[in-house]
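Please report on the strand pairing, the nonpolar core and the unusual backbone angles of this structure. Keep it brief.

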2 protein chains.
Amino acid sequence: SVNPDLASERQTASFSVEKLTALLDGGAEQTRIRRAVVEAIESDPVFSRENQYFQTQNERYEAAVRKAVHLQKRMHEMGWTENGPEYKYIYRALSGDVAFLLHRVFMRSISVLGSDKQIAKWIPLATQLKLIGSYAQTELGHGTYLQGLETTAVFDTATQEFVLNTPKISAMKWWPGDMGRSATHTVVFAQLYIHGKCYGIHPFIVQIRSLQDHSLCPGVTAGDIGPKMNFEHIDNGYLLLKNVRIPRENMLSKFCEVRPDGTYVRQGSQKINYFTMTTVRISLISDEVLTPLMKACTIAIRYSVVRRQSKLKPGEQEAKILDYQTQQEKLLPQLAAAYAFHFINDYLQELFNRGYREIQRKNFDMLPELHALSSGFKAVITQHCTAGVEICLRACGGHGYSLLSGLPSLYTKILASCIYEGENTILLLQTARFLIKCFMAASAGQPVPPSVTYLAAVKHGKCPAKNKLDFLSPDIYTEAYQHVAVRLTSNTAAKLQDLIQSGVNKHDAWNQCTVQLVQAAKAHCHYIAVKNFAETVEKLETKAGIQKIMKHLCDLFALHGIFSNTGAFLHDGYTSAAQMDMATASYLDLLAVIRKDAVPLVDAFDFTDKSLNSALGSSDGQVYQRLYEWAQRAPTNQMSPAYEKYLKPLLHNTLSKL
Amino acid sequence: SVNPDLASERQTASFSVEKLTALLDGGAEQTRIRRAVVEAIESDPVFSRENQYFQTQNERYEAAVRKAVHLQKRMHEMGWTENGPEYKYIYRALSGDVAFLLHRVFMRSISVLGSDKQIAKWIPLATQLKLIGSYAQTELGHGTYLQGLETTAVFDTATQEFVLNTPKISAMKWWPGDMGRSATHTVVFAQLYIHGKCYGIHPFIVQIRSLQDHSLCPGVTAGDIGPKMNFEHIDNGYLLLKNVRIPRENMLSKFCEVRPDGTYVRQGSQKINYFTMTTVRISLISDEVLTPLMKACTIAIRYSVVRRQSKLKPGEQEAKILDYQTQQEKLLPQLAAAYAFHFINDYLQELFNRGYREIQRKNFDMLPELHALSSGFKAVITQHCTAGVEICLRACGGHGYSLLSGLPSLYTKILASCIYEGENTILLLQTARFLIKCFMAASAGQPVPPSVTYLAAVKHGKCPAKNKLDFLSPDIYTEAYQHVAVRLTSNTAAKLQDLIQSGVNKHDAWNQCTVQLVQAAKAHCHYIAVKNFAETVEKLETKAGIQKIMKHLCDLFALHGIFSNTGAFLHDGYTSAAQMDMATASYLDLLAVIRKDAVPLVDAFDFTDKSLNSALGSSDGQVYQRLYEWAQRAPTNQMSPAYEKYLKPLLHNTLSKL
C-alpha cells in the first residue's frame, strides 16, 4: 500500500506524467522499448543489485564479471544487438553495474584506430569474449596531458618487433578498468621510437595474460590498484612492462604505419578520430551524469513528502519537510537542472550528429566549436550534477547518509565524472581558449561559429525588467545571461592583453587569467543551457499541461542561477539591486509553485524501485519499514567475534542484574 | 629520501614552522605533550590504521572494540587520566577510530542528568567498562525535533516501574552508536506518562542485553542499522522496546523525579544542562571538523608540489600543479579557512568557558547569545570544511579518488558533521531567530549582547577603498563584512514585517523568509570569523615571520569570501564594481604570495604520516612508490573465483597465442 502522504501528491499533478515520460524518452515507442528492456533485466536474479551495499570489493567484482558473461547470453536469447534499439537501455537498466566496459573501449579503439586487417582479426574474437581487452592510457604520473606519457615502444628492425617498457615507476599504467584482474589483452599507448627518434604517442595491442591459465605474460607485472571511492565492481589495474615484445602488426595502423625497414608512414586524416574522442565526453552525460541526478532527485523528493518533522504552525500536525522553503530551495533547483541538462544533452547529441555528417563529407569546420562545447558542457554538467546529488543526500539528513538510501553510492560514483575523460578545470580552460580566440576574431569583424556569434553583438544596455513578473520572461533572463557571458569573456580578454602589453610573457599572462577564464567558460555554457531550455519550452506541445510546467522549471533554472551568482549580474549595473530583489522574489515564489508538482515531476523519470535501489525513494513511500527490513539483513547483524574476544572478559565480572 | 620537489618547498619558508606549530597548540609545552601521546599511540600496533581501507565493516567494528579495550589498559599504564593534559590528544591521535564513544556520552548524560545516588551507582561501573552504555535519542521518524519523539515510558504505580514502548515503527530508536552490537545499557529518551498525562521527554536507563551472555533482554529487539557512508567502525544500532519494565530509580532524576505515588516533581534549573548540549556543538569542531580539513590540505598541497603535469611554458619541464593559478585558487583558500576556523574555535572555547563560569554563578544572561553562536558556527564551519575537503579531494584528480589517498574517508566522515548534533539548516535558522530578535531590540534602542551590538550601529556609507592595496587593510574588509551582515538581517526583518502587515500569518511569513534568514545567519558568522582572524593577527608576536604570514592568510580568507559572494557586497552599492575588481586583483595576487609558503603552512599542522594514512600526503613526497606498494597489498590482489567460474570457460577455446 502506498503511504498516503505520497499518494496525495500524485492526485494533484497539473500534467500527464505518462506524456512527460514519453517526451523525455523521445516518444512513446521509445518508452515501450525501454520498459521492455528494464523488465527483462530486472526480472533476472543474476542482475539483482539488492545486496550490493553489503558486498566487499571482491564480491562486487565477481558479481560484475558474472553479469557481463550472463548479459552476453541474454542478449543473444533476447535478440538484442549492438545496433538494435534496445542496446542503449541495457547499460542504464544495469545501472552500469557490470564488468567489461573497458573491453568495449578496447574494441572501439581497434575499430577506429586499426587497419582493416587488424579489425578483421581482433573484433570477432573480442565480440565473442574469446579474449578480454582493456585500454591502457593513463599512467601513475600522467593523466590529461597525453604528450607527457612515459611508456616507450622501440622498434627492433632485426626481429620486426616493438619492445615495450614502462621505464620509471611514474610510467606504470594505472587506472585502466578490466585490467587489474580480467584482461588478457590491452591497447597500450606509448611513445614510439624508431632508430632512436621519437614519433610521439601511438597505440599498441599487447597481450598481458595467458589464454591458457591466465598467468601474467613474461615481462608483465599487473594487478588491481585497490579500493576506490566507488566502482568497487571494476578491477581498475596497474601494468608494468619490462622488455615486452610484440609483433610489428600489433601497432594500430589506420593512421600511421611502421614499415619493415623502420620507415614511418602517416596516412589519412586523424581528425575523425579526434572527433570520436570529443564525442565520448558528450556520450557519457546521459547515463553517467543525468541519470544519477534524476535518481537522487526522485529519492530526495519522495522522501521529503513522507518525512514529517517539526511544525509550521503550533497545533498543526508535523509538516512534510518539502513544505519548508529551505528544503524546496535545496531540491527543486536540482530538479530544474536535471530537466535543463536533459534538454541540452538532446541539443548536443543533435549537434554532434550533424558534425559527424559534415566530417564524413571531409568538412572539418565544426571541429573547434564541437570541441569547445563538449569540453565546456562535460565540465559544467558533471560539476553541477555532482553538487546536486550531494545536496539531495544532505537534504535527507541522517537517513541520506545510510548506504541503504542509495544516495551515497550515487554521489561517490558521479563524483568521478568530474575527473575522468578530462579533468574539469582543464576542459573549461580549453573552452575559454576557444572563447577568447572567437572574441578577438569577432572584435576584428571576422566570422565566428554559430554558438559564439553573440560575442560579437555586445550590447551596453540595461536589464529592462520593471517588476518581478518580468523575470518570468525568457527574453529578460536569457539576455541577462548573455550579457554576463560577454562581459566575462571581454573583460578577461582585456586583462590578458593588458598583461601582455605590460611586458608579461604570454604564457604567464594566461596563467594569471585562468581563474577568470574558467568563470567565462562556465558563464558561456550556462547561457547556452538557459537559452536552449527556453527554446525547447517554446517548441513543446501546449497540451497535457506539459509546456506550462516545463516553463516553470525553465524559469526556476534561470532564476536559481541568477540568485546563486548575483554578483555576476550586478557587477556592471546591467541588473540593478531593485531588479535583483524582483528576481529573488520571483525565484522564491516559483519554489512554492513547482513544489505542488514535485512528485509527478520525478515520477516522470520513470525509475523502477529496483533501479533506484533505495529505502527512501521507493514508489510506495514506505520508508521506515524498508529501512528496518533491509538493515536486518546486513552482515553486521551476524554474530561478531568481538564479543567473545573483547567484551565477555570485561562483562562477566559484572553483577547479573543492575 | 625526500622527493626533491617537496624538499625544495621547505627551504624557502618565510617563518618558523616549529613556532607556528606551538602557536596552534597553545604553547610549546602543549606541543610536547601532544607529540608524546601521538608517539605512544602510533608505536602501538593495536592502534594501527594501515589496513583500514581494505577492511569490511565487520572487521572495522572488531578492530574498534579491540582498540577501545586496549586503550583502557594503555591509559592505565601510561598514567593518562580523563582530567590529565594528555586526554584531549588521545582521540585525535586515534583519528577517532575507536569504539565506545557513545559509552562516554552515556556516562556524561548520567553525570549531568542523574541524581547523586544514580551517579554513585552507575559511573564507577561504566568507568571500568563493567557495562557498556549507549545514548538512545534519535528515532527512525524523529531527529532534530525532540518534542516529536514517540517512545513512551508509562509509570506503573502498582509495581513502581516504568513500562517502555516504541509503539510504532517510526518510534524505533535508530542511529545510536555502540548500540547495534556492543551496548548492555542505554539512556532512552521517552515521553513520560503518569496516570494518563504526558509530561514530555525524559531520560531512562534501560538494560538491553544480558551481562551473562549478551543476549537481548525480554521485550528488546536490537541490531545494527547496516552500512553507512563512513563510521564503519561504529555499530550504529536500532532498538525496539515492547513493554520493557525498569525500576522507578532508573529515570535520571537530577531535575525531575516521579515519587512512588506518581507525583511529578521538578527540581532545580535545567539551564546548565541546556548549556551543556550547546557546548557539545563547539567541542566537536576541533577534532571532527578542523582536523579533517587540515589533513586534507596537507595531503592535497604536498601532492600538488610533487605532481607535475603539462607545461606552463613550451620547452620547460612540466610544472608542479600548485604553480597553476586555478590549483592555487582551489587549495589556498581552504588552507586560509583552516587557520581562520582554528582561531574562531579558540575564541568560542574561551567564550564558553566564560559562559560556564557565569552560569555557575546563576547568571544565565549569556545563554541566548551562546546558543546562537554555537548553532551558527557549528553549521558554518562544518559546511565550509566539508566543502573544503571535497575541493582538496577533487584537486588531486584520479589519485584523490583512491581510498589510499586518505581523502575519500576524510570527506565521507566530515560530511556527517553537517547532519549530526543538529542539522545545519535548522541550526542556522535558530541563529537567524536570535539575530532578528536582537535587530528589533537594537532598533528599539534596547541593549543587545556584545556579538550583535554592530546591528544597532548601521552605517550607510560606502566602502572607502581607493586601490587594490586598500583591500589588504583589515579595517576595509571587516567593515564590508559587517555592512553585509547588517543589510541581510535588516532587509529580512523588513520583509518579515511587511508580510505580517500584509496579513500573512506570522508562521507562514517566517517560512517565506527562511532562505534569506539562512543567508543572514551565515553572513553574521562570516563577519565574526573575519573580525576575529584580523584581531588575532593584530595580537600575534611579530617575531619569526608568523604575524606576516598569518596576515596574508587572514587577507586571503576575507578576500576569498568577497570573491565568492560578490553580489552580497555589490548589492546596495556599498562596494562599487571598480572596487570589486580591485578586491579580485588583490585576491589573485595573494594566491601567488601564499603559494610560496604553502608546504610550510601545512607542515605546521604537524601531522605524522601514520595519522594522515595517505599515499599522497606523506612527508617524504614519495607518492607513486607508496601508491604502488600499498595497492599490491589490497585484498583485490588475491585470486578471485571469478576466473575459474566465468572467465576460464570463455577463454579456454581461444588460440593459445594471438
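B:Val220 has B:Leu241 as its bridge partner in strand E8 of chain B. This is a predicted model: local features need pLDDT of at least 70, side-chain atom pairs count only at pLDDT 80 or more, and totals for chains, interfaces and linings use all residues. Residues are numbered from 1 along each chain as its sequence is written, chains are lettered from A and ligands numbered from 1 in the order in which they are written, and side-chain values use heavy atoms, with hydrogens and water left out.

**The sheet around E8 of chain B**

Strands (E, at least two residues) and helices (H or I, at least four) are DSSP runs, numbered from the N terminus. Two strands pair if DSSP finds at least two bridges between them. In chain B, three strands form an open sheet in the order E4-E8-E7, with antiparallel pairing. Its edge strands are E4 and E7, each pairing on one side only.

E7 (residues 220-224) pairs with E8 over five bridges. E4 (residues 173-174) pairs with E8 over two bridges. B:Leu239 of E8 stands opposite B:Ala222, and B:Lys173 also stands opposite B:Leu239.

How enclosed is E8? Five of the five residues of E8 (residues 237-241) are buried, so the strand is largely enclosed by the rest of the structure. Buried means under 20% relative accessible area, exposed over 50%, and partly exposed in between (1.4 Å probe, protein chains only). In a regular strand the side chains alternate between the two faces of the sheet. From E8, B:Gly237, B:Leu239 and B:Leu241 point one way. B:Tyr238 and B:Leu240 point the other way.

**The nonpolar core**

A nonpolar core is a set of buried Ala, Val, Leu, Ile, Met, Phe, Trp, Tyr and Cys residues joined through side-chain atoms within 4.5 Å. The largest one has 326 residues. Those with the most contacts inside it are A:Tyr339, A:Met550, B:Tyr339 and B:Met550. Contact means heavy atoms within 4.5 Å. Leaving aside neighbours within four places in sequence, A:Tyr339 is in contact with residues including A:Leu20, A:Phe533, A:Met550 and A:Phe605.

**Positive phi outside glycine**

Most residues other than glycine have a negative phi. Two residues with a positive phi are set out here.

| Residue | Phi | Loop between | Relative accessible area |
|---|---|---|---|
| A:His195 | near 50° | strand E5 (185-194) and strand E6 (197-207) of chain A | 60%, exposed |
| B:Glu421 | about 55° | helix H12 (407-414) and helix H13 (424-443) of chain B | 38%, partly exposed |
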